[in-house]
Amino acid sequence: MVEILCEGVKIMIDTVECPCCGKENDMSDALCDGLSSDNKTDWECQECGEEFEVYVEFEPCYSASKIEYEECDMCNKKVRDIYREGRIFPFPKSLEGKKVCKSCWIEQYFMETKNA
Ligand SMILES: [Zn+2]
Ligand SMILES: [Zn+2]
């Protein structure tokens, strides 16, 4: 089992047994070239040169953080999932520099698309 850091995500990797010759392949180099979106990568066996597909499983990682409520700049409601510029796209121009709750965002967003 190897532990590596890939793009800020800590992942544990095992060796993978080649389906052709049975050789244990060390997967520690396989990942940082990037995985496809389904976490699969093609790998060439270090022993027999046969290519096979490797599926990488990421260990779930839990970290606890305090729940933070933020106040909506539009309606003053306290919400957990505040919408702010940079976090939500598209972000309505009328809300620039503000943080708002979801319903205010929806309201402004539709208002803006209607006027556009
Ligand atoms: Zn092989
Ligand atoms: Zn609001």
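Where is Gly 97 found? Gly 97 sits in the loop between S9 and S10, where strands, like helices, are DSSP runs numbered from the N terminus (E over at least two residues for a strand, H or I over at least four for a helix). Before going further, a word on ground rules: this is a predicted model, in which local features need pLDDT of at least 70, side-chain atom pairs count only at pLDDT 80 or more, and totals for chains, interfaces and linings use all residues. Residues are numbered from 1 along each chain as its sequence is written, while chains are lettered from A and ligands numbered from 1 in the order in which they are written.

Back to that loop. Gly 97 is exposed because it has 7 other C-beta atoms within 10 Å; the labels run from exposed (12 or fewer other C-beta atoms within 10 Å of a residue's own) through partly exposed (in between) to buried (20 or more), with C-beta atoms placed from the backbone. Gly 97 and Glu 85 are 12 residues apart in sequence, yet their C-alpha atoms are 6.9 Å apart. Pro 90 is in the loop between strand S9 (83-84) and strand S10 (99-100), and the peptide bond leading into it from Phe 89 is cis, with omega near 0°.

Zooming out, the protein chain has one helix and 10 strands. Reading from the N terminus, the order is β-β-β-β-β-β-β-β-β-β-α. Of its 116 residues, 9% count as buried. Contacts here are pairs with C-beta atoms, placed from the backbone, within 7 Å. Among those with a separation of 6 or more, 35% join residues 24 or more positions apart.

Next, the core. The largest nonpolar core is made of seven residues: Ile 82, Tyr 83, Leu 95, Val 100, Cys 101, Cys 104 and Trp 105. Such a core is a set of buried Ala, Val, Leu, Ile, Met, Phe, Trp, Tyr and Cys residues joined through C-beta atoms within 7 Å. Leaving aside residues up to four places away in sequence, Cys 101 touches Cys 72, Cys 75, Lys 77, Val 79, Ile 82 and Tyr 83.

Two more stops. Asn 76, in the loop between strand S7 (70-71) and strand S8 (78-79), has a positive phi, near 65°. Most residues other than glycine have a negative phi, and most peptide bonds are trans. Asn 76 counts as exposed because it has 8 C-beta neighbours inside 10 Å. Lys 40 lies in strand S5 (residues 40-44), and counts as exposed with 12 C-beta neighbours inside 10 Å. Lys 40 and Val 54 are 14 residues apart in sequence, with 5.5 Å between their C-alpha atoms.

Conventions. Contact = placed C-beta atoms within 7 Å.
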